[in-house]
Amino acid sequence: MIILAIETSCDETSVAIVEAKGGLKNPSFEILSNVVLSQIKIHAHWGGVVPMMAKREHSKNLIPILEKSLRKSSFLKLNLKPNPAYSGTNTKNKLQKILEREPELLEQFLNFIPTIKPPKIDAIAVTVGPGLEPALWVGVNFAKALATVWKKPIVAVNHMEGHVIASRLAATSYKVKSGKSKVVEFPAIALLVSGGHTELVLVKKWGDYKIVGQTRDDAAGEAFDKTARMLELPYPGGPQIAKQAENFKKYPLTFRMGGWTRREMEKEAFNIKLPRPMIDSKDYDFSFSGLKTAALYMLRDMKERHVNIGDFTPMICHEIQQAIVDTLIAKTIRAAKEFNAESVILGGGVAANSELRAQMKKAVVRELTKTTTLYLPPQKLTTDNAAMIGAAAYLHAVKKEFAKPENLLAQGNLGL
Ligand code: KG4
Ligand code: ZN
């Protein structure tokens, strides 16, 4: 089955073409193209994603990205004769209605789509939620418009299911127990960690999800982003904190940075120790806002003592990252034990974090049974992309779970 997928839930505009096979028993995927345009530079200026700007950027970029994605996968075939399907006023009126809130996209759509042949795909997949509603709507309306002219079924995809299945997207997915990629065994515990979500999900089989724990306030990615901001590091904070923490680990004990050696720093430390919120609570919930507040007080205290924060930034980042990683791993391992998980799956932007990946591997080997397998998405597919949306769509398309275009809605708070 060939699926064209669209993702616009946040600040990445992406169109992918994915070939899927194996059914629900053993789904496997080949990414034929996965074009992702990040708006990070635009939003970084404001310190976070501005929904209306994200919407505008998606509207402007979807057609060029679709074109690129079709070309990369060799699905772009020019229409030498004008296709009568587009010239009727009926179709034009329909498209105008569907894309009435995206005039820029409508104009590009009418200029480009009639010039190409409908690609030989089986379905169109689109993220309907969770995410930023104005941003989601652009993708949803675009999918409706394409489905109208190409006469293809639509699959409405939950973004979080995309993050779960991302671990199955490439043969490079890491497994603790070596051997060729085998069928994922269930039950599985999936830790989904992104900018907006932190969830532990019990996966009984593909398509059957139950949230067993989640954050009560900030998401793990949000904790990275907000503490990074306090340290005057640019948005998004996760990769910045990871980079600084990595530097800290690399410093030899006697090497001077900002007038301090690492040994002196660790000795002085100015109480650079942050809490691991809820790490011992009996449930599987998380809370990261306490960590943020603790970091804020710690920095205030340091400033009052005239400590140059810049000197300590790598060390502080190391502690922030470790506090988040410790909590995520402890809860995941406990849930995996409780639910007798055969597999542990990681997903979401924070799953790009090298320390989380490395320490989770160790913890799974150390704490879980010999047969438990850890599935990690390839690092570049942890953050938002349409390939994972196409893969998640397959799990529904095989069951013929298609959406009626007139019922298709963007749902900012959609749950798994
Ligand atoms: O999944 P994602 O791309 O978007 C959402 O659906 O939210 O996740 C973005 C989040 C941001 O908070 C970003 O700071 C975080 O993922 N992130 C990281 C790393 N790369 C991205 N956090 C920690 N370490 C990283 N290397
Ligand atoms: Zn995401």
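This is a walk through a predicted model, from its zinc site to a pocket, a sheet and a few unusual backbone spots.

Let's begin at the metal. The zinc ion (ligand 2) is held by three protein donors, His159 (NE2), His163 (NE2) and Asp384 (OD), at distances of 2.0 to 2.1 Å. Read along the sequence, these donor residues follow the spacing H-x3-H-x220-D. The two histidines both belong to helix H7 (residues 159–165), and because they are four residues apart there, about one helical turn separates His159 from His163. Both of these histidines are buried.

Just before helix H7 in the numbering comes strand S5 (residues 154–158), which brings us to the second largest pocket: with three residues, strand S5 gives the most to its lining. The volume of this pocket is about 200 Å³. Its lining has 15 residues, and those nearest the centre are Val128, Ala156, Val157, Asn158 and Leu414. By character, the lining divides into nine nonpolar residues, five polar ones and one charged.

Next, have a look at the open sheet of five strands, whose order is S8-S7-S6-S11-S12 and whose pairing is mixed. Strand S8 (208–214) and strand S12 (373–375) are the edges; each has a single partner strand, so one side of each has no neighbour in the sheet. On average, and ignoring direction, neighbouring strands here are turned by 20 degrees against each other. At the S8 edge, strand S7 (residues 198–205) runs antiparallel to S8 and is joined to it by six bridges. If you would like a pair to find on screen, try Leu202, whose bridge partner in S8 is Lys210.

Finally, the backbone has some spots that merit a closer look. Most peptide bonds are trans, and most residues other than glycine have a negative phi. Against that background, a cis peptide bond joins Gly129 and Pro130, with omega about -10 degrees. Pro130 sits in the loop between strand S4 (123–129) and helix H6 (133–150). Another cis peptide bond links Tyr235 to Pro236, again with omega about -10 degrees, and Pro236 is found in the loop between helix H8 (220–230) and helix H9 (237–250).

As for phi, Ser74 is not a glycine, yet its phi is positive, at about 60 degrees. Ser74 lies in the loop between helix H2 (51–72) and helix H3 (84–87), and its relative accessibility of 53% makes it count as exposed. Met278 also has a positive phi, near 60 degrees, and its place is the loop between helix H10 (262–268) and helix H11 (289–304).

Terms used:
Residues are numbered from 1 along each chain as its sequence is written. Chains are lettered from A and ligands numbered from 1 in the order in which they are written. This is a predicted model: local features need pLDDT of at least 70, side-chain atom pairs count only at pLDDT 80 or more; totals for chains, interfaces and linings use all residues. Side-chain values use heavy atoms; hydrogens and water are left out. Donors are N, O and S atoms within 2.8 Å of the metal (3.2 Å for Na, K and Ca); water is not among the atoms, so sites may look incomplete. Buried means under 20% relative accessible area, exposed over 50%, partly exposed in between (1.4 Å probe, protein chains only). On a 1 Å grid over the protein atoms alone, a cavity is a set of points where a 1.4 Å probe fits but cannot get out, and a pocket is an open set with protein on both sides within 12 Å along at least five of seven lines; lining residues have an atom within 4 Å of a point. Grid points are joined across faces, edges and corners, and a volume is the space filled by probe spheres set on the points. Ala, Val, Leu, Ile, Met, Phe, Trp, Tyr, Cys and Pro count as nonpolar, Asp, Glu, Lys and Arg as charged, and the others, Gly among them, as polar. Two strands pair if DSSP finds at least two bridges between them. Axes are lines fitted to C-alpha atoms, for helices over the stretch in contact, and angles run from 0 to 180 degrees between N-to-C directions.
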